[in-house]
Amino acid sequence: MMPEQCQADMEQAIDDFVTLSKDETRDPPPDSAKRRQIIEGARTVFLAQGFDRASMDEIARAAGVSKGTLYVYFDNKQRLFEDLIIEDRREQAEQIVKIDFADPDIRAMLTRFGVSLAERMQLPQTIALTRIVIAASAHIPEIGRTLYSAGPGYGIRYISSYFDAKCAEGRLSMSDTHLAAAQFIELCMCQILKPLLFNVSGPAPRERIETVVASAVDMILSVYSPK
């Protein structure tokens, strides 16, 4: 794949978020202020009560809409929660540093991306929603698949496209860019994400994130630079 095509694919990927986990036979109402109002009301209820305890009645009250209006936009609680997850991850992706194919410094580019990713992943709302999804996915696997596709899965595809381009240029040597991308993301989250998820520690300071990401970049370049 040519670098220009990889760049185009990566830019398109963020827009593709809005179609994740949608039933293509369903004709949803267009995005609107009312839909945003409902999602924000749902966010408040889900964060306070979790998925199982939240009810559509409570969500309607929090959003300031009638229950009938709520069902015009969302068929059920699961669909609403999945749309909230997709929206949250789409907004997060838009705020993370974008990969610049024109930047000749792979180390610097991966470092900027890794630091930005780690900072976003440890935001309180991100951690809270992730915990809710983990709990709900035990009996509703589709919810877990939605988060994975819109979160870690998207990140892996995003970095994999960059690695594809750098391999095509001869700057990196990878037999499996998808695996290498997953390794890079996991390394950037090392001792940052899991302690937060399990409530072992608070958010890592910027200096710690920079140290972890620098080590992650060192490992990736050590293994995958052309010999």
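A pocket, as used here, is an open set of grid points where a 1.4 Å probe fits, with protein on both sides within 12 Å along at least five of seven lines. In this predicted model, the largest pocket holds about 730 Å³ of space. The protein around that pocket is built from 12 helices and has zero strands.

**Fold**
- Reading along the sequence gives the pattern α-α-α-α-α-α-α-α-α-α-α-α.
- Take the contacts between residues at least 6 apart in sequence: 73% of them join residues at least 24 apart.

**Burial and surface**
- The protein has 227 residues, and 47% of them count as buried.
- About 11300 Å² of the protein is exposed.
- Carbon and sulfur atoms supply 54% of that exposed area.

**Largest pocket**
- The volume of the largest pocket is about 730 Å³.
- A total of 32 residues line the largest pocket.
- Closest to the pocket centre are M121, G151, P152, I185 and L193.
- Several helices give two or more residues each to the lining: α5 (77-95), α6 (106-121), α7 (124-137), α8 (141-150), α9 (152-168), α10 (177-189) and α11 (193-197).
- Helix α9 provides the largest share of the lining, with five residues.

**Chemistry of the lining**
- Nonpolar residues number 21 in the lining of the largest pocket.
- Seven lining residues are polar, and four are charged.

Terms used:
Residues numbered from 1 in each chain as written. Predicted model: local features only at pLDDT ≥ 70, side-chain atom pairs only at ≥ 80, totals over all residues. Heavy atoms only, no water. Helix = DSSP H or I, 4+ residues; strand = E, 2+ residues; numbered from the N terminus. Buried < 20%, exposed > 50% of the residue type's maximum accessible area, 1.4 Å probe, protein only. Contact = heavy atoms within 4.5 Å. Areas by Shrake-Rupley, 256 points an atom, 1.4 Å probe, with all protein chains shown as cover. 1 Å grid on protein atoms, 1.4 Å probe; cavity = no way out; pocket = protein on both sides within 12 Å on 5 of 7 lines; lining within 4 Å. Points joined across faces, edges and corners; volume = space filled by probe spheres on them. Nonpolar A, V, L, I, M, F, W, Y, C, P; charged D, E, K, R; others polar.
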